[in-house]
Amino acid sequence: MSPSTKIDLNQVAYFLITGASRGIGQRMAIETSRKFEPGSVVVLLARSATGLESTRAEILDVNPHITVVTSSVDLNNASKQLLEDIIEKSLAKTPVSNFQLATVIHNVGTVGNVERKAIDMDDRQEWENYFATNLFMVGVLNSCFLRKFQKCTNKLVVNVTSKACLAPFKSMGFYCAGKAAREMYFKVLATEESDLVVLNYSPGPVDTDMTIDIQGRSNAEELRDYFKGLRETTTILTTYQTTEKFLSVLDAGQFESGDHVDYYD
Ligand SMILES: NC(=O)c1ccc[n+]([C@@H]2O[C@H](COP(=O)([O-])OP(=O)(O)OC[C@H]3O[C@@H](n4cnc5c(N)ncnc54)[C@H](OP(=O)(O)O)[C@@H]3O)[C@@H](O)[C@H]2O)c1
């Protein structure tokens, strides 16, 4: 039988999140960690050591009774061994059997080259680089994580997805293709593993470096104007708003494992 998708975060949890140095991942890391019981272990991954350190400090401010581990890693080219070592090291003082809940949030994401149109995406290396960070290493990390926590009864896997996996947007060939492939991987995972809760959470348009980048560099005027309009009317979401919605989705548990749930649903 499939587990209920209602997630109680007030437990002794092991929690790993990628892209935790800024943006949506940083806020999700802080607000989710706030709920964990003493003895929990939080692992933050991204490249920027200073960004990770500031996330760690904020987490410990709101929840001083947990352990927060940071690991500066480039998920474009990290080896499976390195990812396994990061997880293993974070468990040095706490055996897996101590955790009531094991959670991973695959939040890492890049927008890709939005100056290119689909017709000009002829550089194989550029394709490989994009998919390495946004798909290949996500799958590898996910497998390493789930193998390690096989025996944990409650497991939650979150993929931070996008409306762009459902609808095409001009100038976003890499992004739309990557998000579509990534979400389908998580849907297959949900279908195969009935003891997991898998959520594909789409955060809506959020005020982060990523959307500043799209607004500044996209070759599609309509997309630049869209984000400019959201900023001018302050209708672009904050990382706080989307994180609050994310937590309410987990709390309500009204989705099926593998579903795509959007901020505006
Ligand atoms: N913002 C939106 O409107 C929006 C909408 C829908 C979906 N999303 C999705 O939400 C997620 C977060 O987006 P965001 O807007 O918060 O983006 P962001 O502000 O650009 O943050 C991206 C995060 O990913 C990390 N990252 C990027 N490349 C990395 C690499 N090679 N290795 C390790 N970490 C890397 C960054 O850290 P470092 O630079 O320190 O490595 C940063 O922490 C993404 O999956 C995005 O597709 C965003």
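**Close-up views of a predicted model**

**View 1. Thr-239, a buried residue in helix α8.** Thr-239 comes out at 14% relative accessibility, so it counts as buried, the cut-off for that label being under 20%. Keep in mind that this is a predicted model. The residue belongs to helix α8, which covers residues 239-252. Skip the neighbours within four places in sequence, and Thr-239 is in contact with Gly-23, Ile-24 and Arg-27, plus Val-206, Asp-207 and Thr-208.

**View 2. The ligand and its surroundings.** Here we have 31 residues around the ligand, and the closest are Arg-22, Arg-47, Tyr-175, Val-206 and Thr-208. Two arginines reach ligand oxygen with their side chains: a polar side-chain atom of Arg-22 sits 2.7 Å from an oxygen atom of the ligand, and a side-chain N or O atom of Arg-47 is 2.7 Å from a ligand oxygen atom. Leu-75 uses its backbone instead, with a polar atom there 2.8 Å from a nitrogen atom of the ligand. On its own the ligand would expose 880 Å², and the protein buries 95% of that.

**View 3. Helix α2 and its buried face.** Helix α2 runs over residues 49-62, and its 14 residues should span 20 Å at 1.5 Å a residue; the end C-alpha atoms are 20 Å apart, so the two agree. Which residues of α2 are buried? They are Gly-51, Leu-52, Thr-55 and Ile-59. Looking down the helix axis, the buried residues of α2 fall within an arc of 95°, so they line one face. The general rule behind such patterns is that an α-helix has 3.6 residues a turn, so residues three or four places apart point the same way. What do the buried residues of α2 pack against? Their partners are α1 (23-33), β2 (41-46) and β3 (67-72). Over on the other side of α2, Thr-50 and Asp-61 are exposed.

**View 4. Two loop residues with positive phi.** Most residues other than glycine have a negative phi, which makes a pair of loop positions worth a look. Ser-171 has a phi near 75° and is found in the loop between β5 (154-160) and α5 (173-192). Thr-234 also has a positive phi, about 45°, without being a glycine; its place is the loop between α7 (221-232) and α8. Buried or exposed? Ser-171 counts as buried because its relative accessibility is 9%, whereas Thr-234, at 66%, counts as exposed.

Methods: Residues numbered from 1 in each chain as written. Predicted model: local features only at pLDDT ≥ 70, side-chain atom pairs only at ≥ 80, totals over all residues. Heavy atoms only, no water. Helix = DSSP H or I, 4+ residues; strand = E, 2+ residues; numbered from the N terminus. Expected span 1.5 Å × (residues − 1). Buried < 20%, exposed > 50% of the residue type's maximum accessible area, 1.4 Å probe, protein only. Arc of directions from axis to C-beta. Contact = heavy atoms within 4.5 Å. Near = heavy atom within 4 Å. Polar contact = N/O pair within 3.5 Å; in protein donor to acceptor, adjacent residues only side chain to side chain. Areas by Shrake-Rupley, 256 points an atom, 1.4 Å probe, with all protein chains shown as cover.
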